[in-house]
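User: Please take a close look at one part of this model, the sheet, and at what packs around it. I would like a connected account rather than a list.

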Amino acid sequence: MTESLMPLPAMAQTSASVPPAVLLANHLKALKLPTFAREHEKVAFEAAQDRADYPRYLLRLCELERIDRERRMVERRIRMAKFPHTKSFDTFDFTAQPSLNKALVLELARGEWIEQRRNVIALGPSGTGKTHAALALGLAACQKGQSVAFTTAAALVHDLMEARDERRLRMLQKQLASVKLLILDELGYVPFTAVGGELLFEVLSQRYERGSTLITSNLPFDEWTSVFGSERLTGALLDRLTHHVHILEMNGDSFRLASSRKRQNQPLPRRRLNPASN
Ligand code: ADP
Ligand code: MG
């Protein structure tokens, strides 16, 4: 049995005089198929050369559209995450950080912990690669199609206070609750005011078991009270954060310090006597 045709939209009924190429471009735009629009002529030419039938021709176009769509989606996720730089594990030297569990980190880069709404806390002194690892995990999550937001703890508290003053706190809280992975870098460098600490606590509570949070801190847990100011709040926060958590211990030497020492110990490159002779 043939299915009855859907009524054409008014635009199509009055389109007899419009050239098919223009109509096609129009439909593809309305259907949000930019790769079809861009590639269909070239793929048709190749299909004719290969004597590919119609289904194969369509299949090639669909595959191209899906590949492009995925690439665009990852790019959008990366833009929306607002990473201050792009870092990945390709440039991370695990031998420089022996206290870090490499197998766990590579497992985390697969992103399942985000599906499971678990948290990650990276602890260690300055320069040990916490931000690098957080950025790399964030990038890996974007590549898996997960929504990510990257911020420092101080910047987030500032944004929350500003949103509260401007009566748009609810909106910001909703936004922060909906992201799959929230990365809070540098908790511990700047202590919060009582209100700031409470606002941050509220965000992290709202995310509890609903989304993943990755926190980096130079302070061990027993010093977090100095940041939040309240023992009761810090206790409640740690209770939620550490319920489903992976801890990354990064207690090695500062990578910055080690690499600048290395540079300084290296002999200066000898000047060529006669650069023109080369
Ligand atoms: P932290 O956030 O712990 O203070 P960063 O992640 O900012 O440290 O690291 C400082 C610098 O050293 C960055 O440029 C980072 O890319 C680099 N770095 C740190 N650890 C490593 C590592 N193990 N391998 C490669 N680069 C590293
Ligand atoms: Mg850092």
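Analyst: A short stop at the aromatic residues comes before the sheet: Phe92 is buried, as is Phe94. This is a predicted model, and what follows is computed from its coordinates. Phe92 and Phe94 pair edge-to-face, with 4.9 Å centre to centre and 65 degrees between the planes. Together with Phe89, the residues Phe92 and Phe94 make up one aromatic cluster.

Now the sheet itself. Five strands form an open sheet in the order 2-3-4-1-5, and the pairing is parallel. Strand 2 and strand 5 (245–249) are at the edges with a single partner strand each, so one side of each has no neighbour in the sheet. On average, neighbouring strands are turned by 15 degrees against each other, direction ignored.

The pairing can be followed from the strand 2 edge inwards. Strand 2 is joined to strand 3 by five bridges, in the parallel sense. Thr152 has Asp185 of strand 3 standing opposite. On the way to strand 4 (residues 212–217), strand 3 again runs parallel to its partner, and five bridges join the two. Here Leu182 stands opposite Thr213 of strand 4. Strand 4 also pairs with strand 1 (residues 119–123), in the parallel sense and over four bridges. Val120 has Leu214 in strand 4 as its bridge partner. As background, strands of a sheet pair through backbone hydrogen bonds, in either a parallel or an antiparallel way.

Two helices that pack on the sheet come next. Helix 7 touches strand 1, strand 2, strand 3, strand 4 and strand 5, and its direction makes about 160 degrees with that of strand 2. Helix 8 (residues 153–165) also packs on the sheet, but its listed contacts are with strand 2 and strand 3. The direction of helix 8 makes about 95 degrees with that of strand 2. As for cover, strand 3 (residues 181–187) is mostly shielded, with six of its seven residues buried.

Helix 7 (residues 130–143) has a helix partner too: its axis and that of helix 4 come within 8 Å and cross at roughly 145 degrees. This crossing of helix 4 and helix 7 is right-handed. On the helix 4 side the contact is made by Val74, Arg77, Ile78 and Ala81, and on the helix 7 side by Leu139, Cys142 and Gln143. By type, the residues of this contact are five nonpolar, one polar and one charged. Helix 7 therefore touches both helix 4 and the strands of the sheet.

One aromatic contact leads back to the edge of the sheet. The structure holds six aromatic pairs, and one of them is between Phe83 and Phe150, edge-to-face at 6.1 Å centre to centre and 65 degrees between the planes. Phe83 sits in the loop between helix 4 (54–81) and helix 5 (102–108), while Phe150 belongs to strand 2 (residues 148–152), so the pair ties together parts that are 67 residues apart in sequence. Phe83 counts as buried because its relative accessibility is 15%, below the 20% cut-off. Phe150 is buried too, because its relative accessibility is 10%.

Technical notes:
Residues numbered from 1 in each chain as written. Chains lettered and ligands numbered in written order. Predicted model: local features only at pLDDT ≥ 70, side-chain atom pairs only at ≥ 80, totals over all residues. Heavy atoms only, no water. Phe/Tyr/Trp six-rings, centres within 6.5 Å; stacked < 30°, edge-to-face > 60°. Buried < 20%, exposed > 50% of the residue type's maximum accessible area, 1.4 Å probe, protein only. Axes fitted to C-alpha atoms, helices over the stretch in contact; angles between N-to-C directions. Left-handed = near helix turned anticlockwise from the far one by under 90°. Contact = heavy atoms within 4.5 Å. Nonpolar A, V, L, I, M, F, W, Y, C, P; charged D, E, K, R; others polar. Pairing = 2+ DSSP bridges.
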